[in-house]
Amino acid sequence: KLMKKILTVLACALLLQASAWALDPARQEKVQLAQGAPVKNLIGKIKGSATVEYSVTAPAGGTLAIRLNSVNPSIYFNLSQDGADEALFVGSRDGNRYQAAVAAPGHYKVLVYLMRNAARKGQTASYVLEVGATGS
């Protein structure tokens, strides 16, 4: 009987954890940039520890520009190049604007997230992520 109770408690704990994971999914979206095309405004909303990962393809010879706008001061984005060990840009350290030359065509990941203090409180943040490839 004791073993049955322990297994029941463990099963309930696993179900509760699985439902918590389901509430905070990591959403993924692809973004294709064209040189000189208008800036793309990616509108989104995250809550708690949920994240949104944008896979961005940028052409060579111009500048990759990213800007995050939100009324929530705890929302940030990180930028990394596919296959790189370190982030090119860490929003919580570097701010909400990134701009740099793109020497070769590249694939980048932009991860939008709430800082831990806001995530633990279950805060929600609406945002606009402006992404563009300018000039040559």
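These legends walk through several close-up views of a predicted model.

**View 1. The whole chain, end to end.** Here's the lay of the land: the protein has 3 helices and 9 strands. Starting at the N terminus, the order is α-β-β-β-β-β-β-α-β-β-α-β. The chain has 136 residues, and 30% of them count as buried. About 8,600 Å² of the protein is exposed, with 58% of that coming from carbon and sulfur atoms. Take the contacts between residues at least 6 apart in sequence, and 79% of them link residues at least 24 apart.

**View 2. How confident the predictor is.** Across the protein the pLDDT averages 82, and 79% of the residues reach at least 70. Helix H1 (residues 2–23) sits at the bottom, with a mean of 52, while strand S6 (residues 89–90) comes out on top at 96. Watch residues 16–24 in particular, where the pLDDT drops below 50. Apart from near neighbours in sequence, that stretch makes 3 contacts in the model.

**View 3. Strand S8 and its partners S3 and S5.** Strand S8 covers residues 106–114, and strand S3 covers residues 51–58. These two pair in the antiparallel sense over 7 bridges. Zoom in on Val52 and you'll find its bridge partner in S8, Val112. S5 also pairs with S8 in the antiparallel sense, over 7 bridges. In that pairing, look for Tyr76, which stands opposite Tyr113 of S8.

**View 4. A serine in a loop.** Ser74 belongs to the loop that links strand S4 (62–69) to strand S5 (75–81). Is Ser74 buried or exposed? Its relative accessible area is 11%, so Ser74 counts as buried, the cut-off being under 20%. Setting aside neighbours within four places in sequence, Ser74 touches Tyr113, Leu114, Met115, Asn117 and Ala118.

**View 5. The largest nonpolar core.** This core has 28 residues. Those with the most contacts inside it are Tyr54, Leu64, Ile66, Phe77, Leu79, Tyr127 and Leu129. Plenty of elements chip in: at least two residues each come from strand S2 (40–47), S3, S4, S5, strand S7 (97–102), S8, helix H3 (116–120) and strand S9 (124–134). S9 is the top contributor, giving 5 residues.

**View 6. Leu129 up close.** Which residues does Leu129 contact, leaving aside its neighbours within four places in sequence? The list runs to Lys40, Asn41, Leu42, Tyr54, Ile66, Arg67, Leu68, Phe77, Val110 and Val112. You've met Val112 already, as the bridge partner of Val52.

Technical notes
Residues are numbered from 1 along each chain as its sequence is written. This is a predicted model: local features need pLDDT of at least 70, side-chain atom pairs count only at pLDDT 80 or more; totals for chains, interfaces and linings use all residues. Side-chain values use heavy atoms; hydrogens and water are left out. Helices (H or I, at least four residues) and strands (E, at least two) are DSSP runs, numbered from the N terminus. Buried means under 20% relative accessible area, exposed over 50%, partly exposed in between (1.4 Å probe, protein chains only). Contact means heavy atoms within 4.5 Å. Accessible areas come from the Shrake-Rupley method with a 1.4 Å probe; for residues, only the protein chains shown count as cover. pLDDT is the predictor's confidence in each residue, from 0 to 100. Two strands pair if DSSP finds at least two bridges between them. A nonpolar core is a set of buried Ala, Val, Leu, Ile, Met, Phe, Trp, Tyr and Cys residues joined through side-chain atoms within 4.5 Å.
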